[in-house]
Amino acid sequence: MHFSRINEEATIENAKKFLSEYRHYHRIELRSVIALQSPVISGMPSGDSKGNSNEDKVISHLDAQAYCATCRHAIEAIEGDTYRKILSETYIKPVYNDDLIMSDVGLEHSRFYDVKNDALIAFAEICPPIPDIKNPDDVATIDLLVYKSG
């Protein structure tokens, strides 16, 4: 599949980088917010505390939930079972072995990577721009699509 206005190589790289973070944020998503500790108040002086660590934990948890939900919903919205299966088995529930995924979707080695790249472009097209959770102070959003200049 060729997407004439889209810089395919850059878009594929963006989608790969974005999806490769899924397992990390999914582990954070699975943390229980109940595990937050109540503040300890004592009459003793303590070192300067910068920020609210409980608030930071909640925000981190919510950011991870939003990121993971965005990934899952975007993959689910992709038309084409093969695209969804390749992306899910590569990033969401990783099989870690392209040969197993190839067998599962019934593609030969030579065709598999072309279809996988097409799936990554489809993901980038569907995935909405989201805030950069690695840089929470930055109000800009991340858009996975890169267009050709000119």
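Hi everyone. Let me start with a single residue: Y113 has a relative accessibility of 32%, so it counts as partly exposed. Keep Y113 in mind, as we will come back to its partner shortly. Before that, a word on what we are looking at: this is a predicted model.

Here is the overall layout. The chain has six helices and two strands. Reading from the N terminus, the order is α-α-α-α-α-α-β-β, with the helices ahead of the strands. Of the 150 residues in the chain, 32% are buried. And if you take the contacts between residues at least 6 apart in sequence, 68% of them join residues at least 24 apart.

Now back to Y113. Which residue does Y113 pair with, and how are the two rings set? There are four aromatic pairs in the structure. Let me take another of them before I answer. F18 and Y67 make a tilted pair, with 4.9 Å from centre to centre and 55 degrees between the planes. F18 belongs to helix α1, residues 8–20, and Y67 to helix α3, residues 53–77, so this pair ties together parts of the chain that are 49 residues apart in sequence. Both F18 and Y67 are buried. The partner of Y113 is F112, and that pair is edge-to-face, at 5.0 Å centre to centre with 80 degrees between the planes. F112 has a relative accessibility of 0%, so F112 counts as buried, whereas Y113, at 32%, is partly exposed.

There is also a cluster to point out: ring pairs link F18, Y25, Y67 and F123. Y25 from that cluster brings us to the next helix.

That helix is α2, residues 22–30. Its buried residues are Y22, Y25, H26, I28 and E29. Why do I speak of one buried side here? These residues cover an arc of only 160 degrees around the axis, so they sit on the same side of α2. On the face turned away from that side you will find the exposed residues R27 and L30.

Helix α5, residues 98–105, can be read in a similar way. I101, M102 and V105 are buried there. Their arc around the axis is only 105 degrees, which places them on the same side of α5. The face turned away from the buried side carries D99 and S103, which are exposed. What covers the buried residues of α5? The cover includes α4, residues 81–92, and α6, residues 109–126.

Both ends of α5 have something to show you. At the N-terminal end, N97 acts as a cap, with a side-chain oxygen 2.8 Å from the backbone nitrogen of D99. Just after the helix, G106 takes a positive phi of about 75 degrees.

Let me turn to the empty space. The largest pocket holds about 260 Å³. It is lined by 13 residues, and those closest to its centre are F18, E21, D132, K134 and I142. You will recognise F18 from the tilted pair with Y67. Two elements, α1 and β1, residues 130–131, each give two or more residues to the lining. The largest share, three residues, comes from α1.

K134 from that list deserves a closer look. Where is K134 found? K134 is in the loop between β1 and β2, the latter being residues 141–142. Is K134 buried or exposed? K134 is exposed, with a relative accessible area of 52%. Leaving aside residues up to four places away in sequence, K134 touches E21 and Y25. That Y25 is one of the buried residues of α2, and E21 is among the residues closest to the centre of the pocket. K134 and D63 are 71 residues apart in sequence, while their C-alpha atoms are 9.6 Å apart in space.

One last residue, T70, takes us back to helix α3. Its relative accessibility is 16%, and since buried means under 20%, T70 counts as buried. Again leaving out residues up to four places away in sequence, T70 touches C127, P128 and I130.

To close, here are two things to look for on the screen. Find the ring cluster of F18, Y25, Y67 and F123, then follow F18 to the largest pocket, where F18 is one of the residues closest to the centre. Thanks for listening!

Definitions and conventions: Residues are numbered from 1 along each chain as its sequence is written. This is a predicted model: local features need pLDDT of at least 70, side-chain atom pairs count only at pLDDT 80 or more; totals for chains, interfaces and linings use all residues. Side-chain values use heavy atoms; hydrogens and water are left out. Rings of Phe, Tyr and Trp (its six-membered ring) pair if their centres lie within 6.5 Å; planes under 30 degrees apart count as stacked, over 60 as edge-to-face and the rest as tilted. Helices (H or I, at least four residues) and strands (E, at least two) are DSSP runs, numbered from the N terminus. Buried means under 20% relative accessible area, exposed over 50%, partly exposed in between (1.4 Å probe, protein chains only). The arc is that of the directions from the helix axis to the C-beta atoms. Contact means heavy atoms within 4.5 Å. A polar contact is a pair of N or O atoms within 3.5 Å; within protein, one must be able to donate a hydrogen and the other to accept it, and residues adjacent in sequence count only if both atoms are side-chain atoms. On a 1 Å grid over the protein atoms alone, a cavity is a set of points where a 1.4 Å probe fits but cannot get out, and a pocket is an open set with protein on both sides within 12 Å along at least five of seven lines; lining residues have an atom within 4 Å of a point. Grid points are joined across faces, edges and corners, and a volume is the space filled by probe spheres set on the points.
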